[in-house]
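Me: Before we begin, please show the sequence and the structure. I should then like to ask on what grounds certain terms are applied.

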Amino acid sequence: MSTAALADARPHRLSDAALASLGAGRPDRATVVELKKSQLSRNLLLLHEIAAVVGPGPLTELAEAERANPTRVRELIARPLFGVWAAGCLRALQAGKNPEISHLSALARAARLPRQQPDKSQQPNKSLKATHNGQSITVRLDDSDPLRAHLGLRPAPPLDPAQHARWQRTFTEAWRLLVTSVPADAEVLAAVLDCVVPVLPDPAARGISATSADAFGAVAISEPADATALAVGLLHETQHSILNAVQYLFDLLEKPATLGYSPWRDDPRPASGILHGAYAYLTVTRFWRTQSTDPLAQTDPLAQFEFARWRAAVSDAAGKLRDLTPAGARFIEAMSAEVRPWLDEPVDPGVLRLAESANRDHYLRWRLRNRHVDPAGARELRRAWRAGEARPDVTSELRPAPKRALEASARLDLTHRFLRGDPLTGPRGEPLTGSDGDVAYVRGDVAAALRAYTDDGVGLILAGGFDVAPELAAVLSDEPDRLAILGWLS
Amino acid sequence: MDGAVNTTGATPEWRSAMIDVSGLSIGDLTSKVTSAPGGDAADDTDGAINGNALAHCLRRLADDLANPGEPIAGFNSAL
């Protein structure tokens with residue numbers, strides 16, 4: 001292609017149906033191809049910008065390799081970790097630093113090697129492959145490229161053969177689950193996912209995973225506990241990649257930094273993060289929907305719980321996003337329209353109670369952590385309560401958190417145990433986790449929970465069904481008769 | 001241009017601010033770039049090459065790099 005072609009280059013375009021299908025989390029094959037093309041375009045533009053700073057010299061070898069084997073070079077440039085390198089290189093150049101440009105020569109050398117023959121300095125290539133019901137997936141398992149450390153989590157060291165075999169077994173089973181439950185999502189996943197990067201586990205979590213906006217199609221994930229965890233994790237992270245690609249093409253939010261409540265984190269999140277959470281959980285919810293309604297399977301209370309919990313969270317989070325661009329309005333309306341019918345689908349009443357409680361519990365704890373009453377408001381609340389006056393109009397303000405916050409919840413842990421049919425208490429009736437109030441609340445014994453929750457303000461609000469801002473109740477936590485206070489604040 | 005619905009065609013479509021260079025070779029992409037160490041990439045509008053659209057596209061790319069809205073999206077099953 002000549003330089004005249006650059007002058008003729010056109011903007012990326014999506015049909016209205018394609019943008020809506022992306023919002024609904026159901027893109028067709030052609031739309032995914034368009035997204036992948038746009039990400040290749042991004043990486044090429046990054047190269048263009050790198051050349052604009054350092055000159056075309058360092059790209060000469062790669063350009064020669066491309067003339068000899070254009071398909072192979074395209075393939076290497078389209079890889080997610082190349083996007084990580086190119087973005088990092090350009091950021092460094094713009095900051096006046098001297099990044100390692102020789103990566104381009106290494107890439108040119110790699111392009112000249114036969115496909116399955118790694119450079120002698122590199123680890124042998126690893127992959128994960130699976131086929132079920134005629135649907136296949138092959139992804140690279142990248143446990144050696146130093147660039148994998150830029151995906152947001154600490155990479156695991158290279159896998160030994162036994163570890164690789166364990167990943168493969170879990171991957172095979174996860175693929176079977178995905179193809180059986182959500183075949184269309186599985187097809188999208190197979191088209192988007194390029195590589196899996198094993199990362200070190202977080203002792204405070206059952207599993208962690210991450211996606212970088214610079215690395216379309218790469219998922220960093222700790223070794224999953226089981227196939228379901230891997231299936232859900234891959235669905236979730238693939239959605240992040242897709243949303244990143246959509247947002248490369250179109251701004252969806254006018255004010256992406258506006259802080260608010262996210263059902264998936266304990267700290268205040270920017271609107272862009274809330275959108276990411278809702279979009280990732282759209283397909284996760286779809287997965288649990290199929291798991292909870294499979295007519296051939298025994299009803300799984302845990303699957304029903306996940307479905308009921310996340311359908312509400314996705315719908316609420318998407319519905320509360322404000323200041324949307326025209327493309328954002330189209331995208332998010334499609335997302336809301338996808339999840340809306342699920343809200344009316346039947347769920348066992350006992351499971352529904354626990355799902356709604358879990359969402360409310362998280363919201364109340366988030367408010368308590370992040371919204372604060374100023375000293376003057378706190379004084380006025382105390383004075384009015386002690387004087388027996390009507391509740392004054394005192395409000396709270398949201399404060400940004402200094403860092404990511406995510407903590408375990410004993411009530412949620414007990415809820416999972418309850419749904420699995422596991423015991424909640426030990427041999428002497430002591431709670432295995434949480435408090436006596438938590439155990440009573442999860443079992444649905446509201447009266448016992450109210451009696452037991454003496455020091456747990458959120459627990460009292462939950463069990464009593466009060467419509468109260470917990471940060472206001474916390475101001476009066478030293479006053480006697482907390483139930484009366486909650487009634488006064490309602 | 002970014003995000004606007006084109007209603008002039010038979011089928012509405014969304015036109016991105018980002019230029020599709022996926023069909024260009026590396027040689028094509030860099031042939032108009034002269035050695036300019038320390039130059040400001042975002043200002044490399046090169047009027048001979050579809051100036052305004054390309055410049056807008058490159059500014060948006062630079063903004064994305066400088067201010068990534070959500071650089072790392074993560075999942076933690078502790079919740």
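Me: What makes Trp366(A) a buried residue?

Reply: This is a predicted model, and every value below is computed from it. The relative accessible area of Trp366(A) is 4%. Buried means under 20%, so Trp366(A) is buried.

Me: Why is Tyr261(A) called partly exposed?

Reply: The relative accessible area of Tyr261(A) is 23%. Buried requires under 20% and exposed over 50%; the value for Tyr261(A) lies in between, so the residue is partly exposed.

Me: Why is the pair of Tyr261(A) and Trp366(A) called edge-to-face?

Reply: Over all chains, the structure holds 10 aromatic pairs. In the pair of Tyr261(A) and Trp366(A), the ring centres are 5.1 Å apart and the planes stand at 70°. Centres within 6.5 Å make a pair, and planes over 60 degrees apart make it edge-to-face; both conditions are met, so the term applies.

Me: What makes this pair a tie between separate parts of chain A?

Reply: Tyr261(A) belongs to the loop between strand E7 (259-260) and strand E8 (269-270), whereas Trp366(A) belongs to helix H14. The two parts are 105 residues apart in sequence, so the ring pair ties them together. Ring pairs also bring in Tyr363(A), which forms a cluster with Tyr261(A) and Trp366(A).

Me: What makes Phe287(A) and Trp288(A) an edge-to-face pair?

Reply: For Phe287(A) and Trp288(A), the distance is 5.3 Å centre to centre, and the angle between the planes is 75°. The distance is within 6.5 Å and the angle is over 60 degrees, so this aromatic pair is edge-to-face. Both residues are buried.

Me: Is His362(A) buried or exposed, and how do you know that?

Reply: His362(A) has a relative accessibility of 1%, so it counts as buried by the limit of under 20%. Its place is in helix H14 (residues 349-370) of chain A.

Me: What makes the link between the side chains of His362(A) and Tyr261(A) a polar contact?

Reply: The side chains of His362(A) and Tyr261(A) are joined at 2.7 Å. A polar contact needs N or O atoms within 3.5 Å, so the distance qualifies. The side chain of His362(A) also reaches the backbone oxygen of Arg265(A), at 3.3 Å.

Me: How do you know that the length of helix H12 of chain A agrees with expectation?

Reply: H12(A) covers residues 301-320, which is 20 residues. At 1.5 Å a residue, these should span 28 Å, and the end C-alpha atoms are 29 Å apart, which agrees.

Me: Why is H12(A) described as largely enclosed?

Reply: Of its 20 residues, 14 are buried, so H12(A) is largely enclosed by the rest of the structure. Ala303(A), which lies in this helix, has 0% relative accessibility and therefore counts as buried. Leaving aside residues up to four places away in sequence, Ala303(A) touches Trp288(A), Gln291(A) and Ser292(A).

Me: What caps the N-terminal end of H12(A)?

Reply: Asp300(A) does: one of its side-chain oxygens lies 2.9 Å from the backbone nitrogen of Leu302(A). That distance is within the 3.5 Å required of a polar contact.

Me: Why is helix H6 of chain A also called largely enclosed?

Reply: 12 of the 15 residues of H6(A) are buried, so the rest of the structure largely encloses this helix. Among the buried residues are Phe82(A), Trp85(A) and Cys89(A). H6(A), residues 80-94, reaches 21 Å from its first C-alpha to its last, close to the 21 Å expected. Just after the helix, Gly96(A) has a positive phi of about 80°.

Me: What makes strand E6 of chain A mostly covered?

Reply: In E6(A), residues 218-222, 5 of 5 residues are buried. Ala218(A), Ala220(A) and Ser222(A) point one way, while Val219(A) and Ile221(A) point the other way.

Me: How do you know that strands E4 and E5 of chain A pair with E6(A)?

Reply: Pairing requires at least two bridges. E4(A) and E6(A) have 5 bridges in the parallel sense, with Val196(A) and Val219(A) as bridge partners. E5(A) and E6(A) have 2 bridges and run antiparallel; Ala210(A) stands opposite Ala220(A). Both counts therefore satisfy the requirement.

Technical notes
Residues numbered from 1 in each chain as written. Chains lettered and ligands numbered in written order. Heavy atoms only, no water. Helix = DSSP H or I, 4+ residues; strand = E, 2+ residues; numbered from the N terminus. Expected span 1.5 Å × (residues − 1). Buried < 20%, exposed > 50% of the residue type's maximum accessible area, 1.4 Å probe, protein only. Polar contact = N/O pair within 3.5 Å; in protein donor to acceptor, adjacent residues only side chain to side chain. Phe/Tyr/Trp six-rings, centres within 6.5 Å; stacked < 30°, edge-to-face > 60°. Contact = heavy atoms within 4.5 Å.
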